[in-house]
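I wanted a quick tour of this one before doing anything else with it. My notebook entries are below, in the order I looked things up.

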Amino acid sequence: MKEFGKMEIGISLGSNKENRVRYLQLARNMICSEMKAKLKIQSSIYETSPVDVKKEYQNKFYLNSFIILSADIEIEKIWICLNKIEKKLGRVRTNEINIPREIDIDVIYIDQKIINTKSLIVPHPRWYKRMFVLISLKEVNPNLVLPLQSQSVKKLYKNLNSNEEVKLYAKEW
């Protein structure tokens with residue numbers, strides 16, 4: 001699956017531990033540097049309620065944002081690079097899902113590609129069910145229609161039935 005050439009990569013960022021804005025900034029900057037990518041656009045930061053978490057974590061609100069990059073990188077190196085950045089920023093992967101974390105980096109799309117490997121599934125399998133992804137992606141690319149979907153991000157957002165709490169946290173970061 002070695003493909004070269006500039007690709008558009010859409011990434012969702014989230015943090016719900018300690019200095020949440022700083023973790024988003026560090027992740028964005030490290031991703032651009034490590035992947036030798038150009039930041040095309042970034043959304044505002046939204047504060048969102050955690051999804052599918054234990055009761056003890058329900059007060060650990062996330063800050064989420066979306067970045068769109070242009071990069072010339074082998075697809076199989078993307079996940080390796082992002083996983084390394086998560087580790088550098090303190091994320092420890094365990095068998096427990098949806099626990100508080102310094103940083104969560106999810107590849108939502110890579111151009112119009114469909115990828116299903118052990119380490120990378122693109123488009124992300126739950127992106128269209130998550131208000132925190134849709135609201136930030138809608139801000140930066142509302143008319144985008146990703147593979148396996150028939151509706152634009154804007155329409156998916158409008159039609160999503162979700163009880164997630166979402167509010168604008170910061171326009172600039």
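What follows goes from the overall fold to the pocket, the salt bridges and a few backbone oddities.

**Entry 1: overall fold**

First note to self: this is a predicted model. I counted the elements and got four helices and eight strands. Reading from the N terminus, I wrote the order down as β-α-β-β-β-α-β-β-β-α-α-β. Next I checked the radius of gyration, which is 15 Å; the globule rule gives 16 Å for 173 residues, so the protein is as compact as a globular protein of that length. I also boxed the C-alpha atoms along the principal axes and got roughly 45 × 35 × 35 Å. As for burial, 51% of the 173 residues count as buried.

**Entry 2: strand 1 and its neighbours**

Which strands pair with strand 1? I found strand 4 on the list, antiparallel to strand 1 over nine bridges. Strand 5 is there too, also running antiparallel to strand 1, with six bridges joining them. For landmarks, I noted Leu13 opposite Ser65 of strand 4, and Ser12 with Asp106 of strand 5 as its bridge partner. I then looked at how covered strand 1 is: eight of its nine residues are buried.

**Entry 3: the largest pocket**

I ran the pocket search next, and the largest pocket came out at about 970 Å³. Its lining has 41 residues, and the ones closest to the centre are Arg91, Arg101, Asp104, Asp106 and Arg126. Asp106 I already had in my notes as the partner of Ser12. Strand 1 (7–15), strand 4 (62–71), strand 5 (104–110) and helix 3 (131–140) are the elements that give two or more residues to this lining. Which element gives the largest share? That is strand 5, with five residues. I split the lining by class as well and got 19 nonpolar, 11 polar and 11 charged residues.

**Entry 4: salt bridges around Asp104**

With those charged names at the pocket centre, I went through the ion pairs. Side chains of opposite charge can pair when their charged atoms come close. My count over the protein is 13 salt bridges.

Asp104 has a salt bridge to Arg91, with the closest N and O atoms 2.8 Å apart. Asp104 sits in strand 5 and Arg91 in the loop between helix 2 (75–88) and strand 5, so this pair ties together parts that are 13 residues apart in sequence. Both of these residues, Asp104 and Arg91, are buried.

Asp104 also forms a salt bridge with Arg101, here with 3.4 Å between the closest N and O atoms. How buried are Asp104 and Arg101? I read 14% relative accessibility for Asp104 and 8% for Arg101; buried means under 20%, so both make the cut. Following shared partners, I got one network that takes in Glu86, Arg91, Arg93, Arg101 and Asp104.

**Entry 5: another salt bridge, Glu47 to Arg20**

Elsewhere, I picked out Glu47 and Arg20, a salt bridge with its closest N and O atoms 3.0 Å apart. What does this pair tie together? Glu47 belongs to strand 3 (residues 45–48) and Arg20 to helix 1 (residues 20–34), so the bridge links parts 27 residues apart in sequence. Glu47 is buried at 13% relative accessibility, and Arg20 is buried at 17%.

**Entry 6: the loop between helix 2 and strand 5**

I came back to this loop for two residues. Leu89 is in it, and Leu89 counts as buried at 9% relative accessibility. I measured nothing by hand here; the computed C-alpha to C-alpha distance from Leu89 to Tyr23 is 7.4 Å, with their positions 66 residues apart in sequence. Asn98 is in this loop as well, and Asn98 is partly exposed at 22%.

**Entry 7: backbone oddities**

Most residues other than glycine have a negative phi, and most peptide bonds are trans. Against that, I flagged Asn98, with a positive phi of about 55°. Asp111 got a flag too, with phi near 50°. Asp111 is in the loop between strand 5 and strand 6 (115–116) and is partly exposed at 26%. Last, I found a cis peptide bond between Val122 and Pro123, omega about -5°. Pro123 lies in the loop between strand 7 (121–122) and helix 3.

Definitions and conventions: Residues are numbered from 1 along each chain as its sequence is written. This is a predicted model: local features need pLDDT of at least 70, side-chain atom pairs count only at pLDDT 80 or more; totals for chains, interfaces and linings use all residues. Side-chain values use heavy atoms; hydrogens and water are left out. On a 1 Å grid over the protein atoms alone, a cavity is a set of points where a 1.4 Å probe fits but cannot get out, and a pocket is an open set with protein on both sides within 12 Å along at least five of seven lines; lining residues have an atom within 4 Å of a point. Grid points are joined across faces, edges and corners, and a volume is the space filled by probe spheres set on the points. Ala, Val, Leu, Ile, Met, Phe, Trp, Tyr, Cys and Pro count as nonpolar, Asp, Glu, Lys and Arg as charged, and the others, Gly among them, as polar. A salt bridge is a side-chain nitrogen of Lys or Arg within 4 Å of a carboxyl oxygen of Asp or Glu. Buried means under 20% relative accessible area, exposed over 50%, partly exposed in between (1.4 Å probe, protein chains only). Two strands pair if DSSP finds at least two bridges between them. The radius of gyration is taken over C-alpha atoms; the globule rule is 2.2 Å times the number of residues to the power 0.38.
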